[in-house]
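I opened the notebook today to look at one helix and at one contact between chains. The entries below keep the order in which I looked things up.

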Amino acid sequence: MNSTLNDANPDSSTEPVLSVRNLQTVFRTDRELIRAVDGISFDISKGETLGIVGESGSGKSVTARSIMGLVDSPGEILPKSSIKFNGEELTEYTDAEYQQIRGSGIGMVFQDPLKSLNPVYTVGNQIKEALRINRGISGQEATDKAIELLEDVAIPDPARRLKEYPHEFSGGMRQRAVIAMMLACDPDLLICDEPTTALDVTIQAQIIELLQDLQEERDLAILFITHDMGVIAEISDRVNVMYAGEFVEKAPVTELFENPKHPYTEGLLDAIPGTNAEKERLNTIEGDVPTPNEQATYCRFAPRCPKAFEDCEQVHPVHVPISEDGEHSAACLLYPEDRSTEEAVEYHRERGREAEDVPEGDHA
Amino acid sequence: MNRFIYLLKRLLLGIPVLLFGLTVTFLVLYLGPIDPVLAILGRDANPAAARQLEIALGIRYSDGSMVPLWIQYKNFLVDMVTFNFGTSWGVARNQPVMDLIIGRLPATLWLGFWSVVIALGFGVPIGLYAGLNSNTWGDYFASFGGIVWRAMPNFWLAVMLAGVLSAGGILSGYRDFLIKTDVIGTPDELQYLFSGIDVFPGIPILEYLWIPIPNLMPMAAAFKWILPAALVLGSASMGNEVRIGRTAVLESLNSEYIDTAKAKGVSTRRIITKHVGRNAVIPLLPVIMGEFYLLIGGSVLVESVFSINGLGNLFLRAAFAADIPVLMSLTFIFIVIQILFNTTQDILYTYIDPRITLADNNE
């Protein structure tokens, strides 16, 4: 069963910082159960950046919030899910225990820097709060440390900036300040939920560069969520492509861009402006991400897939290894490529059945 | 720009407001159907006395010609800003208006004070509770209560409450509860709320300085007496504070900066006291300060239903008696207080919300 790609990279001897297995986050409404995140698994190691890419509504942000323990009612994480952070099972944590992990363990940078700082407190106050709570630093020492942090994120004249309010900062500056605040917590893992989406392109590049430098300095593990393939190409080591609550393809970043396997990934890459310069119009993927409101017994991408065939509506695809080392996999009935379509479908059907019997995460 | 200059500027900006308010009041009263001579001397006044009065009132020169309206307007403005309020025509003939107002002030202050304290003391905490526990039964109960309080009109609630509490009403037992008091009329105890201790007895001028010592029994009695009226007067504000408080807390709780604060490990308690608290006060402030508007209008009504001899009652009776000096002086005082309240609110805002700048423009 070592072909299952959820397994940690056999080359890396170190324990992953974050290990997510079969994460299922659902939202109960009066009418239906929405499976925003439906059975995803991944690992992140020290110093590594994992990108999660997908369209709006594919469940990326819910994944991030699930890890942070910030899923509010009516959302809930189903009992079979496992989120292990430095070996600790977070899904069993109480609110108070989670408070200990947030900040000093896992930090998070949100999408809109204009909204993610409290408007009525100075930037310095908010950074120093992080320092005091997570590292017990206060007073003059905290001020010095905060100045240092603002310097680290390349904010000029940090001593003066510390006394200013968020509305006196520009958008890019605010995102830097948020990053500085999260670094003040000294986390092992930083979750970035579309941190560059609200910023213009030049600022985007600066923020990405900043994150890369900080990662190198601190050996941070980063989970980077975005819908922007260009940004993903810049920052990630490995990429998981998400669609309707599931991962449809996982691959190292260069491999993904050079050799995409899943029709959805192909569609996403085709839709990047500038890659198909000879074409007059940009390719798009017709339709929208469906709301996953029932168990996946079929391929959720099938209705929009140019390569879909009859069985796609009947059989739920499992991850099939593409590369030898198992780093690249795709969940599509077209694979394994060396088999005929019938054989491939049968392969998926069987593996699907096995997965139901064997609890997730227990692969040999 | 520092806060002191800002304050001065706000006060200066109050002057046009004051002028406008006084002008409108002047026009309403002087261009209206009120005939001062008729109001003072009655229908059967003898012409010589009437002429004499017109001269005394400043609407006719001693040579018999009429004083133009704009001169009357100018004289009126000067009288007002120099606090030369004149004497009453009708409510208490020939009594200085200043004395009249000072005499009625304690009852209104006592009533207004408790209506604000009760509204704030219950409305704000209940609203915050409802926001923090949104969509629970406690929230539904509090929110529904807030709407009910808001919806009950002052005039209806005042009559109902006065009815059930006075002799023969189903709650008339309230009057004998703990301390025997009435609920209708002005509490006599108002005169005995404080006893003074002279600081410098016998020393000229300084002998008027005294330290007020509250007298507990009269205070309790006066409180019990005024409580129903204060409840009515504060009812709408209380309802408003519940509703706005709830919304303000909810809005803040759902903001992204709360997620950020959680993400850096801030405890729930601190998130509520520090991050939600101050943001929730911003929309609450105008509601709290705006209580004053409601108090002026409400006190006219509540004081007349409960027969409390305060400024509201005085205002109403002056209006019926066409007592222009009293009406003018009270309006002037109300406008001045209103401007002071608004200025206070603006200054408080600069402390609570840093996004409100003291400067004229953001360069």
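I began with the outward side of α4(A), where Gln140(A), Asp144(A) and Glu148(A) are exposed (12 or fewer other C-beta atoms within 10 Å of a residue's own, against 20 or more for buried and the values in between for partly exposed, with C-beta atoms placed from the backbone). I note that this is a predicted model, in which local features need pLDDT of at least 70 and side-chain atom pairs count only at pLDDT 80 or more, while totals for chains, interfaces and linings use all residues. Residues are numbered from 1 along each chain as its sequence is written, and chains are lettered from A and ligands numbered from 1 in the order in which they are written.

I then looked up the buried residues of α4(A), which are Ala142(A), Ala146(A), Leu149(A) and Leu150(A). Seen down the helix axis, these fall within an arc of 95° (taken over the directions from the axis to the C-beta atoms), so they line one face of α4(A). Among the elements covering them I found α3 (123-135), α5 (158-161) and α6 (171-184) of chain A. Just after α4(A), I saw that Ala154(A) has a positive phi of about 60°.

Turning to the contact between the chains, I found 19 residues from chain B and 27 residues from chain A, where two residues are in contact if their C-beta atoms, placed from the backbone, lie within 7 Å. On the side of chain B that touches chain A, α9 (256-263) and α10 (268-289) of chain B each supply at least two residues, and α9(B) gives the most, with 7 residues; helices here are DSSP runs of H or I with at least four residues, numbered from the N terminus.
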